[in-house]
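Work through these exercises with the model open beside you. Try each task before reading its solution.

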Amino acid sequence: MNIWGNRIKLSIFGESHGKAIGITIDGLPAGIELDFQKINLFLERRKAGKNKYTTSRKEKDEFIILSGYKDGYTTGAPLCTIFENSNTIGKDYDNLKYLLRPGHSDYPAGVKFNGYNDVSGGGHFSGRITLALAFAGAIAIDILERKNIKIYSHIKKILDIKDKSFLEFSEDDILNKFKNLKEKDLPFIDEKKENEAKELLEKISQMGDSVGGEIECTCLNLPTGLGSPFFDSLESKISHLAFSIPAIKGIAFGLGFEFSDILGSKANDLYYLNEKKEIKTETNNNGGILGGLSTGMPLNFTVVVKPTSSISKIQKTVNIKTMKEDSIEIKGRHDSCIVPRVLPVVEAITALAILDEIIS
């Protein structure tokens with residue numbers, strides 16, 4: 001079922017090349033002012049066609065609110081929004097009706113839905129559906145920012161190009177130094193990495209191949225104690241939403257898998273009292289979560305994004321009509337690297353998970 005949430009409930013609908021995609025957000029209190037300018041700026045970060053390594057498919061991404069909104073404010077009824085699809089090219093998928101695309105959901109989805117699933121552009125499994133998540137997240141981010149809760153993300157890794165980590169910086173440094181990350185096409189903390197990544201991605205695009213990467217996200221000024229062990233721990237809620245983003249294949253909080261390389265004396269975050277007599281930790285190896293609950297330190301996690309599945313290289317596959325092995329060459333408009341466009345979606349799902357915890 002396409003429903004998520006406890007206090008806030010999300011329901012997503014639509015297909016990549018259908019008439020429209022959309023989302024229904026239930027549980028938003030009445031009287032929340034929607035800042036359309038902020039929402040559009042946030043959606044712009046996810047938009048395609050801004051450089052050579054993203055898909056040339058250009059959609060207006062203009063939202064139409066169908067319910068739950070009147071005279072600038074939410075009404076308390078479910079907020080339902082759609083985005084019309086206008087730039088679809090169905091013929092790009094005419095030759096794929098019986099050829100299973102490597103890396104895509106075609107085979108398991110075909111079995112689950114008895115062949116009735118729409119494969120054009122990935123159908124309901126498409127990354128385009130994340131536009132609806134981004135819309136909901138933009139609203140959540142605006143609500144959280146009014147409570148002084150800030151969310152940032154950056155590209156942590158693309159192949160052998162590795163960036164610094166938020167864990168290396170203080171909360172003040174993140175707040176003061178990284179405000180411009182959201183304005184960059186390739187948001188690296190180390191600005192020298194941007195040109196390296198740009199050259200790499202353009203080269204991969206010319207090769208007809210693709211690449212994935214890692215995204216690190218942090219959230220500052222969270223209250224202590226968010227989360228509900230065991231099944232609704234803060235990690236569980238964020239992970240649940242993170243894996244709703246197509247192409248996400250892994251998630252780790254704080255040091256993540258690096259914990260396997262160190263002793264407990266190095267892994268533990270030691271407590272101290274700051275000048276305001278607030279309890280803090282000297283390090284943040286656990287990513288601001290202990291026992292499934294927020295600690296008041298910055299929330300920190302990293303997600304792994306797999307390479308875009310649609311590439312123009314000839315690949316081996318199976319023809320499900322003839323039931324013989326075949327080959328496939330995927331034409332059309334695709335991202336050579338989806339990582340830059342996933343950044344705002346990761347911020348969006350983080351905000352939604354937190355909003356579901358704190359909204360009354």
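**Exercise 1. Helix α6 and its packing**

Which elements do the buried residues of α6 pack against?

Solution. This is a predicted model. Start with the helix itself. Helix α6 spans residues 234-242, and its buried residues are L234, K237, I238, S239, L241 and A242. Next, look at what surrounds them. They pack against the strands β1 (3-4), β11 (248-253), β14 (289-290), β15 (293-294) and β16 (299-305). Helix α8 (339-358) is also on the list of partners.

Now check the loops on either side. F230 sits in the loop between β10 (213-220) and α6. The peptide bond joining P229 and F230 is cis, with omega at about 0 degrees. A247 lies in the loop between α6 and β11. A247 is not a glycine, yet its phi is positive, about 90 degrees. Most residues other than glycine have a negative phi, and most peptide bonds are trans. A247 is partly exposed, at 23% relative accessibility.

**Exercise 2. The nonpolar core**

Find which residues touch the most other members of the largest nonpolar core.

Solution. The largest nonpolar core has 74 residues, and I25 and F135 touch the most other members. Take F135 and list its contacts, skipping residues up to four places away in sequence. They are I23, I25, I39, L43, F63, L79, T81 and F83. Apart from this core lies another one, of seven residues, including F166, I174, I189 and L220.

**Exercise 3. Two helix residues and a strand residue**

State whether T350, L133 and I65 are buried, partly exposed or exposed. Then list their contacts beyond four places in sequence.

Solution. Begin with T350, in helix α8. Its relative accessible area is 0%, so T350 is buried. T350 touches I151, C217, L299 and F301.

Move to L133, in helix α3 (residues 130-145). At 5% relative accessibility, L133 is buried too. L133 is in contact with L10, I12, I23, S244, A348, I349 and L352. Now compare sequence with space. L133 and P344 are 211 residues apart in sequence, but their C-alpha atoms are 9.8 Å apart.

Finish with I65, in strand β4 (residues 63-67). Its relative accessibility is 21%, so I65 counts as partly exposed; the buried class ends under 20%. I65 is in contact with L34, F36, L79, C80 and T81. The C-alpha atoms of I65 and F83 are separated by 9.1 Å, with their positions 18 residues apart along the chain.

**Exercise 4. Cysteines**

How many disulfides does the structure hold?

Solution. The count is zero. Test it at C219. The closest cysteine sulfur, in C217, is 7.3 Å from the sulfur of C219, so the two are too far apart for a bond. The cut-off is 2.5 Å. Then check burial. C219 is buried, at 0% relative accessibility. C80 is buried as well, with a relative accessible area of 13%.

**Exercise 5. Salt bridges**

Find the salt-bridge partners of E44, R146 and R341.

Solution. Side chains of opposite charge can pair when their charged atoms come close. The count comes to 16 salt bridges. Take three of them in turn.

- E44 pairs with K47, with the closest N and O atoms 3.3 Å apart. E44 is partly exposed, at 35% relative accessible area.
- R146 pairs with D142, with the closest N and O atoms 2.7 Å apart. D142 is buried, at 7%.
- R341 pairs with D335, with the closest N and O atoms 3.0 Å apart. Both R341 and D335 are buried.

Last step: look for a network. K38, D142 and R146 are linked in one.

**Exercise 6. The surface**

Which residues make the nonpolar surface patch of about 440 Å²?

Solution. The patch is made by Y271, L273, I279 and L290. Place I279 next. I279 belongs to strand β13 (residues 279-281). Its relative accessibility is 59%, so I279 counts as exposed.

Then turn to D71, in the loop between β5 (69-70) and β6 (73-74). D71 is exposed, with a relative accessible area of 65%. Its phi is positive, near 55 degrees, in a residue other than glycine.

Technical notes:
Residues are numbered from 1 along each chain as its sequence is written. This is a predicted model: local features need pLDDT of at least 70, side-chain atom pairs count only at pLDDT 80 or more; totals for chains, interfaces and linings use all residues. Side-chain values use heavy atoms; hydrogens and water are left out. A nonpolar core is a set of buried Ala, Val, Leu, Ile, Met, Phe, Trp, Tyr and Cys residues joined through side-chain atoms within 4.5 Å. Buried means under 20% relative accessible area, exposed over 50%, partly exposed in between (1.4 Å probe, protein chains only). Contact means heavy atoms within 4.5 Å. Patches are made of residues with over 30% relative accessible area and no salt bridge: like charges are joined within 9 Å, nonpolar side chains (Val, Leu, Ile, Met, Phe, Trp, Tyr) within 5 Å. Accessible areas come from the Shrake-Rupley method with a 1.4 Å probe; for residues, only the protein chains shown count as cover. A salt bridge is a side-chain nitrogen of Lys or Arg within 4 Å of a carboxyl oxygen of Asp or Glu. Helices (H or I, at least four residues) and strands (E, at least two) are DSSP runs, numbered from the N terminus.
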